Amino acid sequence: MTAITLLTQEDCAYCEHAKKVLAAVGEDHPLKITEIDMRGAEGRALAARAGVMFAPGLLVDGRPFGYGRISERRLRRTLQRLSAGSR
């Protein structure tokens, strides 16, 4: 199972898009998704460490993946590589 951390904020259209992407990708890949508000202390600290400039921010297994509009295609490729590497 791949750990996904989603850094979000309120009233964020890209955050809603990221949630839809994760739901779609989660149908094909086992994901454990943790959503953290970027306005909180934990969210701000994590965003700073990961280099996330604005919401949404996405970390895959604790590593920065990206922020802003999340690419479903790129996420699927990343998860396939991770899956292939763990065999």
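**Figure 1. What is buried in the chain, and what is on show.** Buried residues account for 38% of the 87 residues in the protein chain. Please keep in mind while browsing these views that this is a predicted model. The protein chain exposes about 5,400 Å², and carbon and sulfur atoms supply 49% of that area.

**Figure 2. The order of helices and strands.** Walk along the sequence and you will meet the pattern β-α-β-α-β-β-α. The radius of gyration of the protein chain is 12 Å, close to the 12 Å given by the globule rule for 87 residues, so the chain is as compact as a globular protein of that length. In total, the secondary structure comprises three helices and four strands. Taken along the principal axes, the box filled by the C-alpha atoms is roughly 35 × 25 × 15 Å.

**Figure 3. Contacts across the sequence, and the charges.** Start with the contacts in the protein chain between residues at least 6 apart in sequence: 61% of these join residues at least 24 apart. For the charges, the chain has 14 positive and 10 negative ones, and their mean positions lie 8 Å apart.

**Figure 4. A close-up of Thr8.** Here we look at strand E1, which covers residues 2–8 and includes Thr8. Is Thr8 buried or exposed? Its relative accessibility is 6%, and the cut-off for buried is under 20%, so Thr8 counts as buried. The side chain of Thr8 makes a polar contact of 3.0 Å with the side chain of Glu35. Which residues does Thr8 touch, leaving aside those up to four places away in sequence? They are Cys15, Lys19, Glu35, Ile36, Asp37, Met38 and Ala55. Glu35 therefore turns up twice in this view, as a residue that Thr8 touches and as its side-chain polar partner, next to a Thr8 that is buried.

**Figure 5. A close-up of Ile33.** Now move to strand E2, residues 31–37, where Ile33 is found. With a relative accessible area of 43%, Ile33 is partly exposed, whereas Thr8 in the previous view is buried at 6%. Not counting residues up to four places away in sequence, Ile33 touches Ile4 and Leu22. Ile4 falls within residues 2–8, the range of strand E1. How far apart in space are Ile33 and Phe65, C-alpha to C-alpha? The distance is 14 Å, for two residues that are 32 apart in sequence.

Conventions. Residues are numbered from 1 along each chain as its sequence is written. This is a predicted model: local features need pLDDT of at least 70, side-chain atom pairs count only at pLDDT 80 or more; totals for chains, interfaces and linings use all residues. Side-chain values use heavy atoms; hydrogens and water are left out. Helices (H or I, at least four residues) and strands (E, at least two) are DSSP runs, numbered from the N terminus. The radius of gyration is taken over C-alpha atoms; the globule rule is 2.2 Å times the number of residues to the power 0.38. Buried means under 20% relative accessible area, exposed over 50%, partly exposed in between (1.4 Å probe, protein chains only). Contact means heavy atoms within 4.5 Å. Accessible areas come from the Shrake-Rupley method with a 1.4 Å probe; for residues, only the protein chains shown count as cover. Lys and Arg count as positive and Asp and Glu as negative; His and the chain ends are not counted. The place of a charge is taken as NZ of Lys, CZ of Arg, CG of Asp or CD of Glu. A polar contact is a pair of N or O atoms within 3.5 Å; within protein, one must be able to donate a hydrogen and the other to accept it, and residues adjacent in sequence count only if both atoms are side-chain atoms.
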